[in-house]
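Please look at the chain below and follow how some of its side chains are placed and paired.

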Amino acid sequence: MTLALALCATPLAAQEDFLPRLEGSYLPPAPEAARFSCDGQWGLIGGRLGIRDGQLIGLENACTLTDPVELRGMDAMLFDTQCAGEGVEYDGGRVMLMATRAGIAIIRDGSVVEWTRCPD
């Protein structure tokens, strides 16, 4: 019984640790990176992109990350997203976030983009 409880607790602990480790500012790949900086306002040209307060913040949009699912054998999680941008709220579908050496990979609808973590 104790072993079963310990096994059930591990994914929850991993979920609680995953997003806080990824929080911070990121730059998209070149040539888009030239339009952003590691400081400034979140989600605006000349500002920063990233993960903050449980949201994936892109250019002029933010998606709340919910219902995390840990992916076995990977430093990654799958999330449902509810997004808002330019005054419109919409279902953002599913997104997988995976930690990489340089930052994070964002996998959505058959596309992958890697954002590079800004220096602290």
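A residue counts as buried when its relative accessible area is under 20%, as exposed when the area is over 50%, and as partly exposed in between. The structure shown is a predicted model. Serine 25 has a relative accessibility of 11%, so serine 25 counts as buried. This serine belongs to strand S1. Leaving out residues up to four places away in sequence, serine 25 touches several others, among them Cys38, Trp42, Arg48 and Cys118. With one of these, arginine 48, the side chain of serine 25 makes a polar contact of 3.4 Å.

Arginine 48 itself is found in the loop between strand S1 (24-27) and strand S2 (49-52). Side chains of opposite charge can pair when their charged atoms come close. Which side chain of opposite charge is nearest to arginine 48, and how far away is it? It is that of aspartate 39, at 5.9 Å, and arginine 48 is buried yet has no salt bridge. A salt bridge requires a side-chain nitrogen of Lys or Arg within 4 Å of a carboxyl oxygen of Asp or Glu. Arginine 48 does have polar neighbours: besides its polar contact with serine 25, a polar atom of its side chain lies 3.0 Å from the backbone oxygen of glycine 40. The residues that arginine 48 touches, not counting those up to four places away in sequence, include Ser37, Cys38, Gln41 and Trp42.

Cysteine 38, which touches both serine 25 and arginine 48, leads to the next topic. A disulfide is a covalent bond between the sulfur atoms of two cysteines. The structure has 2 disulfides. In one of them cysteine 38 is bonded to cysteine 118, with an S to S distance of 2.1 Å. Cysteine 38 sits in the loop between S1 and S2, and cysteine 118 in the segment after strand S8 (111-117), so this bond ties together parts that are 80 residues apart in sequence. The torsion about the S-S bond is about -80°, so the disulfide of cysteine 38 and cysteine 118 is left-handed. Cysteine 38 is partly exposed, at 29% relative accessible area, whereas cysteine 118 is buried, at 6%.

Cysteine 63 and cysteine 83 form a disulfide with their sulfur atoms 2.0 Å apart. Cysteine 63 is in strand S4 (residues 61-70) and cysteine 83 in strand S5 (residues 76-85), so the parts tied together are 20 residues apart in sequence. Here the torsion is about 105°, so the disulfide of cysteine 63 and cysteine 83 is right-handed. Cysteine 63 is buried, with a relative accessible area of 3%, and cysteine 83 is buried at 2%. Counting bonded cysteines along the chain, the pattern of the disulfides is 1-4, 2-3.

How many salt bridges does the whole structure hold? A search finds 5. One of them joins the side chains of aspartate 75 and arginine 21, at 2.6 Å from N to O. Aspartate 75 is in the loop between S4 and S5 and arginine 21 in helix H1 (residues 2-22), so far along the chain that the pair links distant parts, 54 residues apart. Both are partly exposed, aspartate 75 at 34% and arginine 21 at 37%. Asp17, Arg21 and Asp75 are linked in a network of salt bridges.

Glutamate 32 and arginine 35 also meet in a salt bridge, at 2.8 Å from N to O. Glutamate 32 is partly exposed at 36%, and arginine 35 is partly exposed at 36%.

Notes. Residues numbered from 1 in each chain as written. Predicted model: local features only at pLDDT ≥ 70, side-chain atom pairs only at ≥ 80, totals over all residues. Heavy atoms only, no water. Helix = DSSP H or I, 4+ residues; strand = E, 2+ residues; numbered from the N terminus. Buried < 20%, exposed > 50% of the residue type's maximum accessible area, 1.4 Å probe, protein only. Lys, Arg positive; Asp, Glu negative; His and termini not counted. Polar contact = N/O pair within 3.5 Å; in protein donor to acceptor, adjacent residues only side chain to side chain. Contact = heavy atoms within 4.5 Å. Disulfide = S-S within 2.5 Å.
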